[in-house]
Amino acid sequence: MIALDPRHLTPAEVAVVAAAVRQAPVEVGFTVDDQHLALNLRLVGKCDCGCASVFFSTEEWAATQHRVADGVGRTADGEEIGVIVWATSTGLAHLELYSFSERPTPLPEPSSIRPSGFE
């Protein structure tokens, strides 16, 4: 992770996190509010590989982190990518995006996100 000065999420990041939780939930009953995400969630780091994965917590990966959404989506150029939203007991921790190719992964189109089928 590359640490960044904390900042609010962009509207595109908010849309992807919210869509993933709504359209590809893993944890029953876990919900997010777009306005709460936009106003209260802070991005504190990004992935060092160049993908669009971002971190909302500096907590180390631990047994306390769990998936609240796990799906796939399509980027603007049509590439299918994986989308996982991780949380801890205190809130959202990480938006993980991964590619099925070698290219750095951009944000997917929020409306394209659906369950991965890998449950």
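Reader: Let's start with E5: how many of its nine residues are buried?
Author: Quick ground rules: this is a predicted model, so local features need pLDDT of at least 70 and side-chain atom pairs count only at pLDDT 80 or more, while totals for chains, interfaces and linings use all residues. Residues are numbered from 1 along each chain as its sequence is written, and side-chain values use heavy atoms, with hydrogens and water left out. Buried means under 20% relative accessible area, exposed over 50% and partly exposed in between, with a 1.4 Å probe and protein chains only. On that scale E5 is largely enclosed by the rest of the structure, because the number of its residues that are buried is eight.

Reader: So where does E5 sit, and in what order do the seven strands run across the open sheet?
Author: Strands here are DSSP runs of E with at least two residues, helices are runs of H or I with at least four, and both are numbered from the N terminus. Two strands pair if DSSP finds at least two bridges between them. The pairing in this sheet is antiparallel, and E5 falls between E6 and E4 in the order E1-E2-E3-E6-E5-E4-E7.

Reader: Which strands pair on one side only?
Author: Those are the edge strands of the sheet. One covers residues 2-8 and the other covers 114-115, so to speak the two ends of the row: E1 and E7.

Reader: What angle does helix H1 make with E5?
Author: H1 covers residues 11-23 and packs on the sheet. It touches E1, E2, E3, E4, E5, E6 and E7, where contact means heavy atoms within 4.5 Å. Axes are lines fitted to C-alpha atoms, for helices over the stretch in contact, and angles run from 0 to 180 degrees between N-to-C directions. For H1 and E5 that gives about 85°.

Reader: And how far apart are the end C-alpha atoms of H1?
Author: You can work out what to expect: 1.5 Å times one less than the number of residues. With 13 residues, H1 should span 18 Å, and that agrees with the separation of its end C-alpha atoms, 18 Å.

Reader: Which element supplies the largest share of the largest nonpolar core?
Author: A nonpolar core is a set of buried Ala, Val, Leu, Ile, Met, Phe, Trp, Tyr and Cys residues joined through side-chain atoms within 4.5 Å. The largest one here has 26 residues, and those with the most contacts inside it are Leu-37, Phe-56, Val-85, Leu-92 and Leu-95. H1, E4, E5 and E6 each supply at least two of its residues. The largest share is seven residues, and it comes from H1.

Reader: Which residue of E5 stands opposite Ala-69?
Author: Ala-69 has its place in strand E4, which pairs with E5 over eight bridges. At 0% relative accessibility, Ala-69 counts as buried. Beyond its neighbours within four places in sequence, Ala-69 is in contact with residues including Ala-20, Val-21 and Ile-84. Its opposite number in E5 is Val-85.

Reader: What are the bridge partners of Val-72 in E5 and E7?
Author: E4 pairs with E7 over two bridges, again antiparallel. In E7, the bridge partner of Val-72 is Arg-114, and in E5 the partner is Gly-82. So the pair you're after is Gly-82 and Arg-114.

Reader: Which turn residue between E4 and E5 has a positive phi?
Author: E4 and E5 form a hairpin with five residues between them. By way of contrast in hairpins, E5 is joined to E6 through two residues. In the E4 to E5 turn, a phi of about 90° belongs to Gly-78.

Reader: Which residue of E6 is opposite Ala-87?
Author: E5 and E6 pair in the antiparallel sense over eight bridges. Across from Ala-87, you'll find Leu-92.

Reader: Last one: what is the centre-to-centre distance in the aromatic pair?
Author: Rings of Phe, Tyr and Trp (its six-membered ring) pair if their centres lie within 6.5 Å; planes under 30 degrees apart count as stacked, over 60 as edge-to-face and the rest as tilted. The structure holds one such pair. Tyr-98, partly exposed at 23% relative accessibility, meets Phe-100, partly exposed at 48%. Their planes are 80° apart, which is edge-to-face, and the centres are separated by 5.5 Å.
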